[in-house]
Amino acid sequence: MKLPALSPSLLSADFSNLGSALDKIAKEGAEFVHIDVMDGSFVPQISYGQPVIKSIRDKSSLIFDVHLMIENPENHIETFAQCGSDYITFHQEATVHIDRVISRIHELGKKAGIAIVPTTPVSALKEILPLVDLVLVMTVNPGFGGQKLLPYCLDKVRELVALKMKKGYTYYVSVDGGVNKDTLGEVLEAGTEIVVSGSAFFNDSLGWNR
């Protein structure tokens, strides 16, 4: 995989024509598609779930990174694995049993990602960084598209990149939230390897040219 990689978020796509959205993502050279699952509890909104993911799986060869913004993700790992996820990314803040969830994702043959909201420090991930395949740094408060990037969150990206180099960890560092043509440069400068973009990507204002 060529880094940095682009991971457009389906949350900003036209839900009535997801097939067309997937075609656009592939045409723009992205390798990932970011699929936000929201339960109305961990975050205010409700999005889509396993049936929708299953329905689009055979429409695309893109890597499906399913971002679970849900409480108690341990109750749903099997069904999200079965519906076509390649990466299953869940929130550090959403469950006590983080190690168990990571192990279960790997047992099912999938890649495990861990996400943190803006107020969660990298230190909260210390014990599990050797175990995960991806770390998703939320640079906005999750739940809504079109928000402005919180600059202090990029310090966490730099910290994760430094830890990765120092310890020899193998996770990808991903950023989600407020990435557009005005912020893309600083997001990449911080060391981001997978860039999630929704609104800016679908309205052609991201400025991605890699």
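**Exercise 1. Decide whether Phe201 in this predicted model is buried or exposed, then describe its ring contacts.**

Step 1. Start with the accessibility: Phe201 has a relative accessible area of 5%. Buried means under 20%, so Phe201 counts as buried.

Step 2. Now look for a partner ring. The centres of Phe201 and Phe202 lie 5.0 Å apart, and their planes meet at 90°. Planes over 60 degrees apart count as edge-to-face, so that is the label for this pair.

Step 3. Finally, check for a charge. The charged end of Lys24 sits over the ring of Phe201, at 5.2 Å from the ring centre.

**Exercise 2. Find which residue lies over the face of Phe64, and at what distance from the ring centre.**

Here one step will do: the residue is Arg57, and the distance is 3.6 Å.

**Exercise 3. Classify the aromatic pair of Phe15 and Tyr48, and place both residues in the chain.**

Step 1. Recall the two descriptors: a pair of aromatic rings is described by the distance of the centres and the angle of the planes. The structure holds four aromatic pairs. In the one formed by Phe15 and Tyr48, the centres are 5.4 Å apart and the planes make 50°.

Step 2. Stacked needs planes under 30 degrees apart and edge-to-face needs over 60, so this pair is tilted.

Step 3. Locate the partners. Phe15 belongs to the loop between E1 and helix H1 (18–27), while Tyr48 belongs to the loop between E2 and H2. With their positions 33 residues apart, the pair links distant parts of the chain.

Step 4. Compare their surroundings. Phe15 is partly exposed at 43% relative accessible area, whereas Tyr48, at 10%, counts as buried.

**Exercise 4. Work out the strand order of the sheet and say which strands lie at its edges.**

Step 1. Reading across the open sheet of eight strands gives E1-E8-E7-E6-E5-E4-E3-E2, with parallel pairing.

Step 2. Strand E1 (5–8) and strand E2 (32–38) each pair on one side only, which makes them the edge strands.

Step 3. Add the twist: ignoring direction, neighbouring strands are turned by 25° against each other on average.

Step 4. Zoom in on one pairing. Strand E4 (residues 87–91) runs parallel to strand E5 (residues 111–116), and five bridges join them. Within this pairing, Thr89 stands opposite Gly113 in E5.

Step 5. Bring in the helices. Helix H2 (residues 50–57) packs on the sheet, where it touches E2 and strand E3 (63–69), and its direction makes about 175° with that of E3. Helix H5 (residues 154–167) also packs on the sheet, touching E5, strand E6 (134–138) and strand E7 (172–176), at about 170° to the direction of E7.

Terms used:
Residues numbered from 1 in each chain as written. Predicted model: local features only at pLDDT ≥ 70, side-chain atom pairs only at ≥ 80, totals over all residues. Heavy atoms only, no water. Pairing = 2+ DSSP bridges. Helix = DSSP H or I, 4+ residues; strand = E, 2+ residues; numbered from the N terminus. Axes fitted to C-alpha atoms, helices over the stretch in contact; angles between N-to-C directions. Contact = heavy atoms within 4.5 Å. Phe/Tyr/Trp six-rings, centres within 6.5 Å; stacked < 30°, edge-to-face > 60°. Buried < 20%, exposed > 50% of the residue type's maximum accessible area, 1.4 Å probe, protein only. Lys NZ or Arg CZ within 6 Å of the ring centre and 35° of its normal.
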